[in-house]
Amino acid sequence: MSEIILAADIGGTTCKLGIFNSNLDQLHKWSIKTNTTDPTGYKLLEDIYLSFQEQLDHLDYTFDDVLGVGIGVPGPVDFKSGVVNGAVNLYWTGQVDVRRTFQNFIDCPIYVDNDANVAALGEKHKGAGNESEDVVAITLGTGLGGGIISNGEIVHGHQGSGAEIGHFRIDQDQRFDCNCGKSGCVETVASATGVLNLVYFYYPKLTFKSSILEKIKAHKVTAKDVFDAAKAGDQFCIFITEKVANYIAYVCSIISVTSNPEYIVLGGGMSTAGDILIENIKTEYYNLTFTPAQHDTKIVQAQLGNDAGITGAAGLIYTYVIERGGLK
Ligand SMILES: [Zn+2]
């Protein structure tokens with residue numbers, strides 16, 4: 001009997017699914033469309049189960065081979081119970097007991113966590129975190145998410161909202177409203193959305209000429225346009241990039257005095273902007289931090305890309321079932 005881990009990374013449009021071995025090596029991956037028609041989540045979870053069943057049949061495995069199922073969800077999760085407290089992108093309006101629902105399909109350990117936490121766990125085990133016990137991952141996408149791994153454990157906190165670093169208030173002027181209902185969160189100035197907020201805020205105030213002026217006026221500019229123009233020497237876009245980098249560096253410095261990670265891994269679409277962003281973040285991070293221990297933290301680009309979610313979802317089973325023998 002071979003032993004395998006099933007992994008699901010649920011997103012708003014697709015669910016990435018994977019099969020891993022007990023060393024957390026990826027054996028197979030595929031994806032299915034996310035079913036968002038059922039606010040109770042049942043249909044989506046059933047789709048995932050049926051897709052697993054089909055693949056296992058196809059590959060000559062049975063559910064007896066499965067050590068556990070790890071599931072990443074884009075919403076707030078109570079890690080101990082496996083209950084998701086609503087998920088806007090999935091149109092889940094109330095609580096969804098993902099663990100119990102899935103356990104009715106497959107009787108094995110089921111672990112559920114939010115997508116940012118599982119991405120961090122994936123990068124720790126198989127990506128830029130290099131198997132360190134102290135890794136922080138910051139996802140720079142449309143929003144800004146984070147996962148903190150301290151002493152090998154994902155930090156969940158009292159009610160599961162530990163590491164919600166996107167909603168740390170950094171912009172004291174509170175210029176931009178956040179999806180969370182507050183304003184001034186770091187997500188409003190240091191995500192892809194934040195880049196655009198800053199572009200439209202500063203462009204009327206500055207005298208710099210910009211190569212992307214026409215796109216700005218037509219409201220068609222993207223974060224990638226800004227970073228590409230900055231790389232080409234555009235002064236306005238360099239100014240914006242430095243602002244964004246400084247905000248991210250500030251968050252890194254706060255995390256650094258809180259949990260002193262060995263690695264801070266930057267992932268998500270924006271992290272592919274490369275050196276222009278990361279080098280600016282590093283420079284400001286070293287300005288803001290003071291101890292040799294903090295300076296020893298390595299700020300690096302994520303390595304797993306879109307696979308971080310399924311790798312980390314499988315990593316839940318690897319960490320909590322194989323390595324630790326279950327939740328204490
Ligand atoms: Zn917020």
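## Reading the labels in this model

The side chain of Ser-253 reaches the backbone oxygen of Tyr-250 at 2.7 Å. The model is predicted.

User: What makes the link from the side chain of Ser-253 to the backbone oxygen of Tyr-250 a polar contact?

Analyst: The distance is 2.7 Å. The cut-off is within 3.5 Å. So the pair meets the distance limit for a polar contact.

User: Where is Ser-253, and what does it touch?

Analyst: Ser-253 lies in helix H8, residues 235-259. Leaving out residues up to four places away in sequence, Ser-253 touches Tyr-285, Leu-288, Thr-289 and Gln-294.

User: How do you know whether Ser-253 is buried or exposed?

Analyst: Its relative accessibility is 8%. Buried means under 20%. Ser-253 therefore counts as buried.

User: Which residues coordinate the zinc ion?

Analyst: His-167 binds through ND1, while Cys-178, Cys-180 and Cys-185 each bind through SG. The distances are 2.0 to 2.3 Å. Donors must be within 2.8 Å of the metal, so these atoms qualify. In sequence the donor residues follow the spacing H-x10-C-x1-C-x4-C. His-167 and Cys-180 are 13 residues apart, both in the loop between strand E11 (153-154) and helix H4 (187-190).

User: Why is the arrangement around the zinc ion called tetrahedral?

Analyst: The 4 donor atoms subtend angles of 103 to 118°. Four donors count as tetrahedral if all angles lie between 85 and 135 degrees. The angles fit, so the arrangement is tetrahedral.

User: Which of His-167, Cys-178 and Cys-180 are buried, and which are partly exposed?

Analyst: Cys-178 has a relative accessible area of 10%, so it is buried. His-167, at 32%, is partly exposed. Cys-180, at 39%, is partly exposed. Partly exposed runs between the under 20% and over 50% limits.

User: How many disulfides does the structure hold, and why does Cys-15 form none?

Analyst: The structure holds 0 disulfides. The sulfur of Cys-15 is 18 Å from the closest cysteine sulfur, in Cys-108. A disulfide needs the sulfur atoms within 2.5 Å. The gap is therefore too far for a bond. Cys-15 is also buried, at 0% relative accessible area.

User: What makes E5 and E7 edge strands?

Analyst: The open sheet has 3 strands in the order E5-E6-E7, paired antiparallel. Strand E5 (77-78) and strand E7 (92-97) each have a single partner strand, so one side of each has no neighbour in the sheet.

User: How do you know that E6 and E7 pair?

Analyst: Strand E6 (residues 83-87) is joined to E7 by 4 bridges. Pairing needs at least two, so the strands pair. In one bridge, Val-83 partners Asp-97 in E7.

Note on methods:
Residues numbered from 1 in each chain as written. Predicted model: local features only at pLDDT ≥ 70, side-chain atom pairs only at ≥ 80, totals over all residues. Heavy atoms only, no water. Buried < 20%, exposed > 50% of the residue type's maximum accessible area, 1.4 Å probe, protein only. Donors = N, O, S within 2.8 Å, 3.2 Å for Na, K, Ca; no water. Tetrahedral: all angles 85-135°; square planar, octahedral: opposite > 155°, others 65-115°. Helix = DSSP H or I, 4+ residues; strand = E, 2+ residues; numbered from the N terminus. Polar contact = N/O pair within 3.5 Å; in protein donor to acceptor, adjacent residues only side chain to side chain. Contact = heavy atoms within 4.5 Å.
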